[in-house]
Amino acid sequence: MEPFETALPEQYETLKKQANYTSSWRKRLEAVKILSAYQHDKVIDLLKNRMQHDPVRQVQLAAYEALAAFGVDVEQPLPARFDIIKNTDKIFLRVKKSLPKDHTVADFADKLQRMRLDVFDAYEGDKGAEFMNWLEERWAKL
C-alpha cells in the first residue's frame with residue numbers, strides 16, 4: 001500500500017470550494033478524488049462531510065472509499081430511501097406551472113436545469129443513465 005501525502009495540498013482552499021459546489025456533482029467528485037491522496041485532518045473532515053451530506057451517491061462512495069483507505073473507522077453510507085432533495089415535488093410543480101400547458105418533458109427538463117441547476121444536477125448524478133426516464137415519470141405524475 002502506498003503512503004498518503006500528510007500535508008495539505010497547495011490548492012486545498014480551491015478543492016474545498018469545489019467539493020462543496022452544489023451545482024456540479026462532477027466537480028465535487030473530482031475534488032474528492034484529488035483530496036483522497038492527502039491524509040490530513042482537514043481533508044478527513046471534508047471527506048466525512050461529503051460522505052454524510054452529499055446528495056449524489058457516487059460522491060458519497062468516493063469519500064467513503066478514501067476515508068476507509070486512510071484507516072478511518074467509517075460505515076458505508078446507505079442509499080437514500082426518499083428524495084435526495086427536500087420538497088422535490090414542490091420544485092417540479094413550480095417548474096411545470098411556469099411552462100405552457102402543451103410543453104414537453106424536454107421543455108420541462110430544460111426549464112428545471114435553468115431554474116434549479118442544483119436539483120437537476122443532483123438527480124442527474126444520482127440517477128445516471130436512468131435520469132431522463134425517471135424525470136419523465138415524475139413529470140407525468142404532476
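These points go through a predicted model of one protein, from its overall make-up to one of its helices.

1. The protein holds eight helices and zero strands. Read from the N terminus, the order of elements is therefore α-α-α-α-α-α-α-α.

2. On extent, the C-alpha trace spans about 60 × 30 × 25 Å along its principal axes. The surface that the protein exposes comes to about 8,900 Å², and carbon and sulfur atoms supply 49% of that area.

3. The protein has 142 residues, and 39% of them count as buried. A residue is called buried here when its relative accessible area is under 20%.

4. How far apart in sequence are the residues that touch? Taking contacts between residues at least 6 apart in sequence, 57% join residues at least 24 apart.

5. The protein carries 23 positive and 23 negative charges. The mean position of the positive charges and that of the negative charges lie 9 Å apart.

6. Helix α6 covers residues 105-115. Which of its residues are buried? They are Val-105, Phe-108, Ala-109, Lys-111 and Leu-112. Lys-111 is thus on the buried list together with Val-105 and Leu-112. Seen down the axis of α6, the buried residues fall within an arc of 170°, so they line one face of this helix.

7. What covers the buried residues of α6? The cover includes three helices: α5 (88-97), α7 (117-127) and α8 (131-141).

Note on methods: Residues are numbered from 1 along each chain as its sequence is written. This is a predicted model: local features need pLDDT of at least 70, side-chain atom pairs count only at pLDDT 80 or more; totals for chains, interfaces and linings use all residues. Side-chain values use heavy atoms; hydrogens and water are left out. Buried means under 20% relative accessible area, exposed over 50%, partly exposed in between (1.4 Å probe, protein chains only). Helices (H or I, at least four residues) and strands (E, at least two) are DSSP runs, numbered from the N terminus. The arc is that of the directions from the helix axis to the C-beta atoms. Contact means heavy atoms within 4.5 Å. Accessible areas come from the Shrake-Rupley method with a 1.4 Å probe; for residues, only the protein chains shown count as cover. Lys and Arg count as positive and Asp and Glu as negative; His and the chain ends are not counted. The place of a charge is taken as NZ of Lys, CZ of Arg, CG of Asp or CD of Glu.
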